[in-house]
Amino acid sequence: MKKFFLIAGVTIFVFGGGFLAIKGLTGKIYHSCTCYRFNIDNVEMRARINIPRVDSVNCDFDEIALVKTNVFYLSMDQNLKNYAKKNKFKRVTDSTYIHVGEREDHSWDAIFNTNTGRLDVAIDYVNL
């Protein structure tokens, strides 16, 4: 019986520690506004879109205005129209799609061009 409680306690400790570690990392990514660490993950969490394989990224974070702008050049060997559909972009023209939204602590604007593979994402942080 003592062995059972020891194994159960260790199991709860390991899984609890793992859960807290994942929760802590997720929080760090969510609050990381710079262009250096977790940039793509932060954009994915904030703008609620998936960023697939990219060829290059240009990022700028304005610390005064609290606005991060990213220009992603997606790999052209992907089905880009399907990407726009899966990520709930709204079609504006034949090749231009937008995805906008707002939450309590941020808003975002994403413009995607399927001809060039260019994805522009601007995130406006509020209450950092």
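Helices (H or I, at least four residues) and strands (E, at least two) are DSSP runs here, numbered from the N terminus. This is a predicted model, so local features need pLDDT of at least 70 and side-chain atom pairs count only at pLDDT 80 or more, while totals for chains, interfaces and linings use all residues. Residues are numbered from 1 along each chain as its sequence is written, and side-chain values use heavy atoms, with hydrogens and water left out.

**View 1. Arg48 and Lys88, two loop residues with positive phi.** Arg48 isn't a glycine, yet its phi is positive, about 55 degrees. Look for Arg48 in the loop between helix 2 (39-47) and strand 1 (54-62). Lys88, not a glycine either, has a positive phi of about 60 degrees and sits in the loop between helix 3 (80-86) and strand 3 (90-91). Lys88 is exposed (over 50% relative accessible area), at 64%.

**View 2. The open sheet of six strands.** The strand order is 1-2-6-5-4-3, with antiparallel pairing (two strands pair if DSSP finds at least two bridges between them). Strands 1 and 3 are at the edges with a single partner strand each, so one side of each has no neighbour in the sheet. Strand 3 pairs with strand 4 (residues 96-102) over two bridges, and Lys90 stands opposite Ile98 in strand 4.

**View 3. Asn70, buried in strand 2.** Strand 2 covers residues 67-74, and Asn70 is at 2% relative accessibility (buried means under 20%, with a 1.4 Å probe and protein chains only). Leaving aside residues up to four places away in sequence, Asn70 touches (heavy atoms within 4.5 Å) several residues, among them Val43, Val57, Cys59 and Leu119.
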